Each structure stands twice: as structure tokens, then as C-alpha cells.
Amino acid sequence: MSQEISKREQFSGKLGIIAAAAGSAIGLGNIWRFPYMAGKNGGAAFIILYILCIALIGLPVMLSEFVIGRRAKKNAIASFRRLAPGKPWFIVGWMGIAAAFMILSFYGVVAGWTLEYIFKSLTGSFAGMDPAAIGKEFGDFIGSPVRPVFWQVVFMVLTGGIVYAGIKDGIEKYSKILMPLLLVILVVLDVRAITLAGAGDGLAFLFKPDFSSITAEGFLAALGHAFFSLSLGIGTMITYSSYFDKKQDLATTAVQVTVADTLIALMAGIAIFPAVFAFNIEPSAGPGLVFVTLPNVFLQMPGGWIFSVLFFVLLAVAALTSSISMLEVMVAYFAEDLNISRKKATIASTVVATLVGVPCSLSNGVMADVKIFGKNFFDLLDFTSSSVLMPIGGLMIVLFVCWVLKEDAAKDELSNGGALKVKFFPWFMFAARFIAPVAIALVFLNGLGLLKF
Ligand code: TRP
């Protein structure tokens with residue numbers, strides 16, 4: 001791909017931009033990771049912290065990424081080089097690429113699970129099972145050495161294939177239609193879940209906070225998940241916004257993406273927790289929560305298997321529009337700066353991320369006892385990326401915009417050179433300068449046990 005800005009591909013228009021950015025944000029994070037994180041960290045209190053993190057930290061970080069990416073019109077590393085020549089800020093971009101590899105590796109594994117569940121729903125394999133049997137089925141599946149790896153490879157090939165096809169034909173086309181459909185099916189699931197006998201305890205778990213259940217680690221998990229869910233801190237949004245056109249209203253886009261992402265997560269929570277309590281599933285069951293809970297709900301619906309197929313298809317699509325955004329971070333860099341062809345860069349990155357994903361998958365079975373820092377391979381990659389690299393990346397990104405790029409440049413970019421009114425600008429600067437950095441630093445140090453309150 002050419003180095004020249006004029007030849008860079010762009011998203012085609014407003015809807016395409018929002019669909020692509022929301023497609024990146026909305027994914028397994030909302031439907032798989034959010035509920036189990038909330039379940040592990042005490043429910044409602046976690047959710048309140050999470051929403052605070054989204055509003056006070058996530059939104060300013062997203063805006064900062066947009067400012068950097070669209071101003072520089074470059075990949076995550078070259079953007080820092082262009083805006084701060086000769087300074088070491090590009091290291092932030094490098095950290096992002098490393099994190100993107102880690103996330104994509106385990107992301108592909110979980111996305112592979114959704115493919116298996118499409119298959120299982122089609123063949124009606126849950127019919128007549130009780131909740132315990134459904135739980136065992138899941139455990140047996142992820143613990144097996146072959147099937148999950150097979151589906152992981154299938155998913156990664158799909159991801160690579162779409163990125164191979166390029167931005168406009170690949171990324172955009174798939175996001176536009178299918179995300180709204182996911183919303184529709186979540187509404188149906190919510191209604192079914194709320195009307196289950198015994199749903200009340202689940203709703204209380206979701207909406208009645210018990211702050212004594214919050215730990216320092218829980219706070220860090222809420223922050224890390226805010227970054228994870230909004231695709232922040234590793235240069236994804238820098239890369240995507242480098243394809244935005246100069247008329248796009250960055251602030252409105254960021255708000256729309258953030259609201260949509262949060263809404264989908266909450267709706268997933270409403271679909272899952274009433275059922276968790278109705279079927280006596282452990283809320284802190286961990287990564288299997290969605291896969292163990294929802295099949296029980298589908299069994300309680302007339303024509304449930306159709307909903308089940310549809311749901312897991314849409315979840316797989318949501319995962320795809322996210323995984324391509326991670327792959328795009330790497331490909332944009334390798335293709336533009338290392339002068340490798342876009343196609344070769346795509347193949348190489350896909351292969352590496354797939355290979356790293358294999359031990360992630362096996363850590364649920366044959367490699368379960370291989371522990372590094374007390375965590376299996378899967379959890380280690382998840383923790384290192386979302387609780388360490390993303391918060392540090394997010395911190396660096398807001399600091400960069402405030403102290404290196406400076407106020408005038410940020411205002412110029414957010415107002416499209418003065419064309420838009422930016423009344424919110426002082427708030428943005430305040431959040432980016434003070435709230436976000438201080439909060440990230442405190443939560444981070446406290447969560448790692450380096451600082452105790
Ligand atoms: N946000 C996506 C999700 O919720 C995952 C994702 C895509 C991501 N790109 C990212 C996470 C970049 C962190 C960084 O499923």
C-alpha cells in the first residue's frame with residue numbers, strides 16, 4: 001500500500017465510520033466478558049464502577065485516540081512518529097501492537113467457541129439437558145485438545161480473509177447490517193429472561209449494589225474491562241480514525257459508539273443474570289458463564305433452537321468485526337512502515353496470532369497446570385493485555401494529547417478546523433488532563449498492589 005496520504009483508503013461516509021468503530025467496540029467483550037466480570041466482582045457495584053470508568057476515562061481516551069489518528073493519518077506507531085518526530089512516543093504504538101497480538105490470540109479461541117455453539121444449536125444437542133449437564137458439556141468441550149482448536153483456526157481464517165479484502169469491501173460491509181440485528185435478538189432474550197420464574201434475584205444482583213463486595217482488584221478489572229470493551233489503549237481507534245474523513249464529527253462519533261457499546265453490555269447482563277439465578281448457576285463461574293447460561297434460556301423458549309442459532313451466529317459476527325480491528329492495527333503498521341505488501345502482512349499476522357492462540361485454548365485442558373505467575377496461559381494474556389498494557393497505553397494516549405499535541409491542535413481536530421462548535425471542549429481537556437490520568441494511575445497501582453489505600 002502506498003505511503004501517501006492521498007492514496008490511503010477511507011471509510012465511506014458517516015454510517016460506515018460509526019458501524020466500523022461500533023463494530024470494533026461491540027463484541028465478545030460485551031456479551032461474553034462483561035457478564036462474567038460482573039459476576040466475579042459482585043454484580044451491581046462492579047457495574048457502577050464500570051460505567052464511571054466508561055464515562056470519565058473511556059470517553060476521553062477514545063476522543064484522544066480519534067484526535068491522534070485522524071490528525072496523523074497513519075498507523076498506530078507512525079502516528080506518534082509524525083506528531084512527535086524524534087521523540088520516543090512511538091513506543092506506545094509498539095506496546096499496542098504487542099497487546100493486539102495477545103488479545104487477538106485468546107479472542108480467537110473464545111470466538112471459536114461461538115462457532116461450536118452455532119453447530120451445537122443446529123444439531124439440537126442441548127435438547128432435554130438439565131443445567132448441570134449443559135455445564136458439563138461446555139467444560140468437556142473447551143477441555144478437549146482438538147475441537148476448540150479447530151474452530152479457533154476457522155475463526156482466524158475468517159478474520160484474516162476479511163482484512164485481506166481491504167477496508168471498504170471487507171470491514172464496512174459486514175458491520176452495517178448485522179449489528180442492529182444483534183440488538184433485536186438481545187431484546188427478545190431480555191424479555192424471556194426477565195419473565196423466568198426466579199428472575200428477581202438476578203435483577204437484584206444486577207441493580208442493587210453491595211459496595212462491600214468491591215476489591216482493589218475488582219476496580220482494576222472494571223477499568224481494564226472499560227478499555228477492553230471500547231477497544232482502547234492499543235491503537236485500534238487510532239488506526240480506524242486514520243481512515244475517517246475530515247468532516248466526521250469526532251465527539252459525536254465517540255459518544256454514539258460508547259453509548260451503543262454500554263447498552264449492549266447491559267442488555268447482555270439482563271439476558272444472563274436472571275437466568276443464572278433461575279437455573280442455580282454460580283454467578284462467578286468465569287469464562288463459561290454465557291455459554292452455560294443461555295442454552296438453558298433457549299430451552300425455555302418455543303422454537304428456542306432457532307433463536308439459539310441466530311444468537312450465536314450474530315455473536316460470531318460481532319466477534320469478527322472486533323477481531324478484524326485488532327488485526328488491522330498490525331497489518332496497517334507492517335504494510336505501511338515495513339513495506340511488506342498488505343496481503344503478506346495479513347497472512348503473517350494471522351498465522352502468528354493463531355499459533356499463540358493454540359496454547360491459550362489448551363490451557364483449558366491438557367495445559368491447565370502450566371501456570372505463569374499463578375495464571376494459566378489464557379488468563380495471563382488476558383490479564384497482561386487488559387489490566388496492564390491497555391491502562392498504560394490509555395494513560396500515555398491522554399498525556400500525549402494534552403502535553404505533546406497541546407490544546408490548540410486538539411481543539412482544531414475536534415472542531416474540524418473551527419467548523420463545529422465544541423462547547424464540551426473544556427470538559428474534555430479537564431478529563432484528559434486530570435481525571436483520566438490520575439484515575440488510571442491510582443486504580444492501576446492499587447490493583448497491582450503497588451499502592452494501598
Ligand atoms: N472491544 C472488543 C470487544 O468488546 C474487543 C476489541 C477489539 C479490543 N479491538 C480491541 C479490545 C482493541 C481491546 C483493544 O469484544
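These are my notes on the ligand site, the cavity and the largest pocket of this predicted model.

**Ground rules.** I'm working with a predicted model, where local features need pLDDT of at least 70 and side-chain atom pairs count only at pLDDT 80 or more, while totals for chains, interfaces and linings use all residues. Residues are numbered from 1 along each chain as its sequence is written, and side-chain values use heavy atoms, with hydrogens and water left out.

**Ligand shell.** I pulled the residues around the ligand (a heavy atom within 4 Å of it) and got 17, with A25, G29, Y107, F228 and S231 coming nearest. I sorted them by class: eight nonpolar, nine polar and no charged. For the record, Ala, Val, Leu, Ile, Met, Phe, Trp, Tyr, Cys and Pro count as nonpolar, Asp, Glu, Lys and Arg as charged, and the others, Gly among them, as polar. Next I checked which helices (DSSP runs of H or I, at least four residues, numbered from the N terminus) supply at least two shell residues each: α1 (13-25), α2 (28-40), α5 (90-122), α10 (216-229) and α14 (304-337).

**Polar contacts.** I looked for N or O pairs within 3.5 Å. Y107 puts a polar side-chain atom 2.4 Å from a ligand oxygen. On the nitrogen side, I found a side-chain N or O atom of S231 at 2.9 Å from a ligand nitrogen, and a polar side-chain atom of S325 at 3.2 Å from a ligand nitrogen. Taken alone the ligand exposes 360 Å² (Shrake-Rupley, 1.4 Å probe), and the protein buries 100% of that.

**Cavity.** I ran the whole structure on a 1 Å grid over the protein atoms alone, a cavity being a set of points where a 1.4 Å probe fits but cannot get out. One cavity of 30 Å³ or more turned up, and the largest holds about 140 Å³ (space filled by probe spheres set on the points, joined across faces, edges and corners). Its lining (an atom within 4 Å of a point) has 16 residues, with S24, I103, F228, S231 and M326 nearest the centre. Helices α1, α5, α10 and α14 each give two or more residues to that lining. The ligand sits in this cavity, meaning more than half of its atoms lie within 2 Å of the grid points.

**Pocket.** I also noted the largest pocket (an open set with protein on both sides within 12 Å along at least five of seven lines), at about 450 Å³. I counted 19 lining residues, and M37, K40, E217, K375 and F383 lie nearest its centre. The largest share, six residues, comes from α10. By class I got six nonpolar, seven polar and six charged.

Conventions
Polar contact = N/O pair within 3.5 Å; in protein donor to acceptor, adjacent residues only side chain to side chain.
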